[in-house]
Amino acid sequence: MRITVAIAAYNAAEYLREAIDSVLAQTFQPFEIVVVDDGSTDHTRQVCGSFGERVRYIYQENDGTAGIGARWKSIQEARGDWIALLDHDDRWLPTKLQRQIEAVEQWPDSGVIFTRYQSIDERGQPFEPSELQASGETIRFDCHDALHHLLCSNPYCPSSALVRRSALTEDGPPSETSCGDWSDWFRITRKYPMVVVDQNLTEYRVTSEQFCSNKDYLATRMRESLMSQKAYLHGRCAACKEAFRIGEAHVKQIFSVAARTYLDQYHAAVTAGDTARALPLLKQAMRAAPMEVLRPRRFAAASKNYLRAKLKGSRKIG
Ligand SMILES: [Zn+2]
């Protein structure tokens with residue numbers, strides 16, 4: 001069984017070094033490591049070069065797709081029949097590939113094998129305790145059960161996935177508009193069973209920049225991914241309906257986080273006297289999750305600040 005480790009890299013040379021080190025420390029060694037450099041301007045090339053022949057380095061001009069195009073290229077370049085995706089700033093624990101290969105041997109018809117993951121910060125320290133207690137077991141989901149499981153949330157990250165190459169490529173390149181990986185998992189499990197190694201064997205890096213920004217963008221993409229699954233729910237299946245409802249609540253909750261982030265930024269802008277920036281932020285909060293803004297205490301605070309912003313604005317104009 002040949003595994004290609006596929007990495008799309010962009011300006012994260014030192015994290016990339018850790019990522020590749022964690023591959024070379026695997027108890028089961030992959031057939032190859034492919035890095036597609038998406039036009040980095042740092043020393044990504046030198047880091048890849050320092051691993052010699054162990055890393056196949058491919059450079060492309062930055063294509064403006066936030067890594068989606070580079071990942072697709074790394075998949076197309078892969079010569080293995082299984083692809084282990086790895087984001088340039090994530091890491092694996094040493095038995096990750098071995099546990100996944102054992103799962104493939106046990107269930108050769110699988111399309112994707114996930115592990116659980118632990119979030120880590122910039123320094124590689126655990127970010128927050130994992131919500132779910134990992135059992136260490138290996139669990140198989142047939143296509144219908146996988147749909148129920150995945151509709152509720154997206155509990156896996158790309159770096160935790162080992163995917164059958166044909167399952168990734170047979171429908172062409174992934175969509176650039178929806179929440180890429182969540183849509184991929186839905187697409188793959190419509191045809192192939194899925195396996196979960198219920199153990200934290202992947203470390204998913206969340207930088208503070210990522211954590212604070214883009215919740216709105218993420219929630220919007222997730223809603224698109226979820227809504228596009230409506231056509232695939234099984235008629236009269238209560239579990240499908242219930243899982244979809246849980247998924248909707250999950251997405252709504254991320255919109256609430258986005259609205260609260262906008263509100264915080266709005267208050268900060270008002271306090272700083274930056275009315276030009278403040279009002280659009282309030283509008284964005286309203287659009288993301290009106291109920292979040294209209295909670296009584298928050299609403300009072302927001303309206304008070306809104307008046308201040310308006311007054312300051314009119315005084316400036318006057
Ligand atoms: Zn169902």
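Two strands are said to pair if DSSP finds at least two bridges between them. In this predicted model, strand S2 (residues 32-38) and strand S3 (residues 55-60) meet that condition, for they pair in the parallel sense over six bridges. Within this pairing, Val35 has Tyr57 of S3 as its bridge partner. Helix H2 (residues 44-49) joins with S2 and S3 to make a β-α-β unit, and this unit is right-handed.

Val35 also leads to a residue of the nonpolar interior. Ile7 is in contact with Val35, and likewise with Ala19, Ile33, Val34, Ser74, Leu86 and His88, when its neighbours within four places in sequence are left aside. Ile7 belongs to the largest nonpolar core, which has 77 residues; together with Val112 and Val163, Ile7 is among those with the most contacts inside this core. Helix H10 (residues 238-271) gives the most to the core, contributing ten residues. At least three residues of the core come from domain 1 (3-212), and at least three from domain 2 (233-317). In soluble globular proteins, nonpolar side chains tend to be buried together.

The arrangement of the domains may now be considered. The chain is divided into two parts, domain 1 (3-212) and domain 2 (233-317). The centres of domain 1 and domain 2, taken over C-alpha atoms, are separated by 33 Å. Where the domains touch, seven residues of domain 1 are in contact with nine residues of domain 2. On the side of domain 1 that touches domain 2, the largest share comes from helix H5 (residues 143-152), which supplies five residues. That side of domain 1 has four nonpolar and three polar residues, but no charged ones.

A charged residue elsewhere in the chain deserves separate attention. Glu203 lies in strand S9 (residues 194-205). Is Glu203 buried or exposed? Glu203 counts as buried because 24 C-beta neighbours lie inside 10 Å, and the threshold for burial is 20 or more. With its neighbours within four places in sequence set aside, Glu203 is in contact with Asp90, Arg91, Tyr117, Gln118 and Ile120. Glu203 and Leu93 illustrate how the fold brings together distant parts of the sequence: 110 residues apart along the chain, they are 7.6 Å apart in space, C-alpha to C-alpha.

Notes. Residues are numbered from 1 along each chain as its sequence is written. This is a predicted model: local features need pLDDT of at least 70, side-chain atom pairs count only at pLDDT 80 or more; totals for chains, interfaces and linings use all residues. A nonpolar core is a set of buried Ala, Val, Leu, Ile, Met, Phe, Trp, Tyr and Cys residues joined through C-beta atoms within 7 Å. A residue is buried if 20 or more other C-beta atoms lie within 10 Å of its own, exposed if 12 or fewer, and partly exposed in between; C-beta atoms are placed from the backbone. Helices (H or I, at least four residues) and strands (E, at least two) are DSSP runs, numbered from the N terminus. Domain bounds come from an automatic or database domain assignment. Two residues are in contact if their C-beta atoms, placed from the backbone, lie within 7 Å. Ala, Val, Leu, Ile, Met, Phe, Trp, Tyr, Cys and Pro count as nonpolar, Asp, Glu, Lys and Arg as charged, and the others, Gly among them, as polar. A crossover is right-handed if, with the strands pointing away from the viewer, the path from the first strand over the helix to the second runs clockwise.
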